[in-house]
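Hi,

Here is the structure I promised to pass on. Have a look at it first, and then read my notes below.

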Amino acid sequence: MSEFNIVLASNESTVVSEYTPAERRSDSYQSEAELEKEFIKLLGVQGYEYLTIHEEKDLIINLRTQLEKLNGYIFTENEWKRFFETSIANANEGIVEKTRKIQTDHVQVLKRDDGTSKNIYLIDKKNIHNNSMQVINQYTEDGGTHDTRYDVTILVNGLPLVHVELKRRGVAIREAFNQINRYQKDSFWASSGLYEYVQIFVISNGTHTKYYSNTTRNSHIKEANETAKKSSKKTSNSFEFTSFWADGNNKVISDLVDFTKTFFAKHSILNILTKYCVFTSEDLLLVMRPYQIVATERILNRIEVASNYKKEGTLDAGGYIWHTTGSGKTLTSFKTAQLASSLPYIDKVLFVVDRKDLDYQTMKEYDRFEKGAANSNTNTSVLTKQLEDSSARIIITTIQKLDIFIRKNKTHDIYTKHVVLIFDECHRSQFGDMHLAIIKHFKKYHIFGFTGTPIFAVNASTGGNPNLKTTPQAFGDKLHTYTIVNAINDGNVLPFRIDYVNTVKQKENIKDEQVRAIDIEKAMSAPERIREIVKYTLENFEKKTMRNSFYSLKGQRVAGFNSIFAVSSIPVAMKYYYEFKHQLDQMHKNLNIATIFSFSANEDDPEDGLLEEGFDTDLLDQSSRDFLESAIADYNNTFHTNYDTSSDKFQNYYKDLSQRMKNREIDLLIVVNMFLTGFDATTLNTLWVDKNLKQHGLIQAFSRTNRILNSVKTYGNIVCFRNLEEEIIDAISLFGDKDAEGIVLLKNFDAYYHGYDEDGVHHPGFVELIEKLTVNFPLGAEIIGEKAEQEFVKLFGTILKLKNILNSFDEFDATINISERDMQDYQSIYIDIYKTYHTKKEKENINHDLEFEIELIKQVEVNIDYILMLVAKYHDSNCQDKEILANISKAVGSSFQLRSKKDLIDGFIASINADTNVHEDWKTYVIEEKEKDISTLITEERLKEDETRKFIENAFRDGQLRTTGTDFDKIMPPTSRFGGGNRTQKKNGIIEKLSEFFEKYFGIL
């Protein structure tokens, strides 16, 4: 491999510390072509070579040239043909395999003509500036479903690794995202499939620029089918998971000019591609965000500087990272541990968590990032072996196990080794004897802490070691900050919406604070109060958890979200559990309620609402343990499991409960402290609070609800049964900033319903928007012209988003302003326009300017069961009630999914008579029609019958129609039946008919 002779080495930061935006040269209109030209010119100034390559033949020639240059080796014709067909453009490999090749298998083996082997590097990860950087534009791919022309592509050693899609200024950036969607579906796989090597996509309209990984795009396509059974994991699957670039102070760099100067600086983009991507064991490519990269590099820099200046074993050798809860600290810590462990002078990296449950979760996450990268330990003897094993470079353990190890081993070789200790969520448990023991015994260490809620003087405890009260005292300098305000502004976590439900009136004239506290707590746990709270919770459960909203989760169609109910003590948890069960039985309602708790050593710590609960159930009093045993028995009956309160089985109960919460199988989980820190479930949207919380405990608990999932989930819902308003404002001010409240908390009902003014701008409310809709677009009047259609789509999309927020307010009733039937009619018009713009090519230009809120349409989908219920009512009216037929027609028309089944439903209704059994005869009717349609299709298109039937059966099983690959080719008629030139046209026609058949019959039986 060729290498430059290094004259001067420097550790260039991937993310610029502070960036001052470039001055704008002109405010005049800029077309997409002009934007593209300016972008390419900027890349040229930064050392990229521009090539006029527009077709695959030239792309392959250049690829060979660049790989020969990188590897210092000239391929023979046979060697190149063999290497290209097996190692680069293997017909059996897709996005996942090609991503793995760039991320982990970038050294491929060439079988030379003389029988020997040679390593061929696709990319040089050690000396990144050995890689060639080129740029091409307007590359044409005509081998796909449709001819396509791509905007701008960055070639690294000839391979397209970064693709940029541009839209002119003023066009929604989401349309660039949707454009890449079409490329991925239509053509990235075509010809030699070289565009499947793209690792990172960049989308920009000049004003706003974002980036995301190839599996974000791939997962989005897989999940586009609402019920795809093999759909990808939740991580990074839609536009919500695209990221802004920023400087080291978290200042977003969104303009394309500034983005190009920073993100596309050669050392930055090459570092991102070679160092700051993680290809997980689930075949997902995670591209780190700028604040994660900054934190990682600052820790590595601190290790290097401290080692050079012999500062190991002091506070100056470490520091802490303040990254808000939910911002991806585990990924940052993993990459930090991975890169630190590869430093030649570091012997071990210890990742230390403060609870057993986090030990398990972290190991699971680390294993997901890279199988076998880290070593966990079930007990101290295993930890001891790992500390003595030189091959165990990264070890995950709990502070308790580390403390036991130190107490048992007053002397040990590890104490003199060069060690990096990384503490996750460095809260109070590290600020004591254990921390002192570590720094006393280890001699050559660097200690780093990650936290979303640091301890400062203002929120420090009153007891304990006076020198270890705060995060800076324990860990040293703050190396980087990314607060909850930064995260919400960037769209990396959601804001909160708070409801205060007053449940108890305080007695007057109680002077003694202790007496008052006892009196209040007694009132708080009164049976009548708990009864009223449970009643309120059950009455509002569906509204708060949005059970009338639907979305896709791991291939399943799911209704709404789930919730946690946080209570003040174990006795209160018991009361709530029994009351929920009792009221559910009375209501004949079915919700999966579960609970979990264990012994906490400091039951009455007034300093922090979240005490540490271990897994030691032996220390519980008998009544608490008996109750827990009973609750777990209920759980076993529901889920056919076999857990109890014994040590091992209780830990397994925790793990199983955790997974079922993430899968949204549990509706409401009652907890005391467990699950309020460190637990992540994107399906969780509501926290019911009947306990005192403040400062870091409050933010930790609230942050369980604000993980991003999709456009249906727009905020974390907090329902407070205690007056925590002051504590909430204090906590947000402490961990955000003094102006954070307006960003972190959603506005009140009146603001969204009637509108509000902010910074001199009026934001219309729901009432105003509905009035504008009915005045400007009255039902029955045709919407004429593209401009009017565009205005309607934007207005109705805004109404959908606002209605989605308002739906969780108790006082909201949309039918006061617009009838349900009229809303369905407007929704039908909205879908009509969407379908028109996504099927007719002449509409493509305006389509780029429109942003359709289809996910919000899908969330209020009517299903086939609802339609059959209406059909049964029609049947019961002796087929006389035409109003029901009108309702059926409107419901089907307003449904994104049922429209394709309209002919089927209409045909069934026409066949109804007095003897019809609606549900049974519907099944028979669908089976018969399905058989008729598939037989006709096979005959008309001369498809191979057995292969076609098997192909269709697999499509219904998998939830998606796979039109690429050998399975599809097997159903095609012999080539001789039609000329080679017509084959693509014929294939596309068959795909279209099969797609219509699939949409018509999928999901109705």
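**What I found**

The protein chain folds into 37 helices and 26 strands, where helices (H or I, at least four residues) and strands (E, at least two) are DSSP runs numbered from the N terminus. Before you dig in: this is a predicted model, in which local features need pLDDT of at least 70 and side-chain atom pairs count only at pLDDT 80 or more, while totals for chains, interfaces and linings use all residues. Residues are numbered from 1 along each chain as its sequence is written, and side-chain values use heavy atoms, with hydrogens and water left out.

**Overall numbers**

Of the 1005 residues in the protein chain, 57% count as buried. Buried here means under 20% relative accessible area, exposed means over 50%, and partly exposed is in between (1.4 Å probe, protein chains only). The accessible surface adds up to about 43,600 Å², and carbon and sulfur atoms hold 48% of that; the areas come from the Shrake-Rupley method with a 1.4 Å probe, and for residues only the protein chains shown count as cover. As for contacts (heavy atoms within 4.5 Å), take those in the protein chain with a separation of 6 or more: 73% of them are between residues 24 or more positions apart.

**The cores**

A nonpolar core is a set of buried Ala, Val, Leu, Ile, Met, Phe, Trp, Tyr and Cys residues joined through side-chain atoms within 4.5 Å. The largest one has 103 residues, and Ile88, Phe263 and Phe264 have the most contacts inside it. Helix H9 (residues 290-308) is the top contributor to this core, giving six residues. There is also a second, separate core of 101 residues, which includes Tyr320, Phe405, Val567 and Met661. In soluble globular proteins, nonpolar side chains tend to be buried together.

What does Phe264 touch, leaving aside its neighbours within four places in sequence? Its contacts are Phe39, Leu43, Gln46, Tyr48, Ile154, Val162, Val164, Val202, Phe259 and Ile269. Ile269 in that list sits in helix H8 and is buried. H8 (residues 266-274) is mostly covered, with eight of its nine residues buried; among them are His267, Asn271 and Thr274.

**A two-sided helix**

Helix H14 (residues 433-441) has four buried residues to look at: His435, Ala437, Ile438 and His441. They sit on the same side of H14 because they cover an arc of only 160° around the axis, the arc being that of the directions from the helix axis to the C-beta atoms. Asp433 and Lys440, on the other side of H14, are exposed. The cover over the buried residues of H14 includes helix H13 (399-408), strand E14 (418-424), strand E15 (444-451) and helix H15 (471-475).

**Salt bridges and cysteines**

I get 31 salt bridges in the structure, with a salt bridge being a side-chain nitrogen of Lys or Arg within 4 Å of a carboxyl oxygen of Asp or Glu. In one of them, the side chains of Glu196 and Lys98 meet at 3.0 Å, N to O. That pair links distant parts of the chain, 98 residues apart: Glu196 is in the loop between helix H5 (174-186) and strand E7 (200-204), and Lys98 is in helix H4 (residues 95-103). Glu196 is buried at a relative accessible area of 12%, and Lys98 is buried at 1%.

Asp667 and Arg547 also form a salt bridge through their side chains (2.8 Å, N to O). Asp667 is in the loop between helix H21 (647-662) and strand E22 (668-671), and Arg547 is in the loop between helix H18 (527-544) and strand E18 (550-553), so this pair ties together parts 120 residues apart in sequence. Here Asp667 is buried at 6% relative accessibility, and Arg547 is buried at 13%.

Arg625 pairs with Asp618 in a salt bridge, with the closest N and O atoms 2.6 Å apart. Asp618 counts as exposed, at 56% relative accessibility. Salt bridges that share partners also join Glu55, Lys57 and Asp58 into one network.

How many disulfides does the structure hold? Zero, taking a disulfide as a pair of cysteine sulfur atoms within 2.5 Å. Two cysteines to look up are Cys720, buried at a relative accessible area of 0%, and Cys879, buried at 18%.

Cheers
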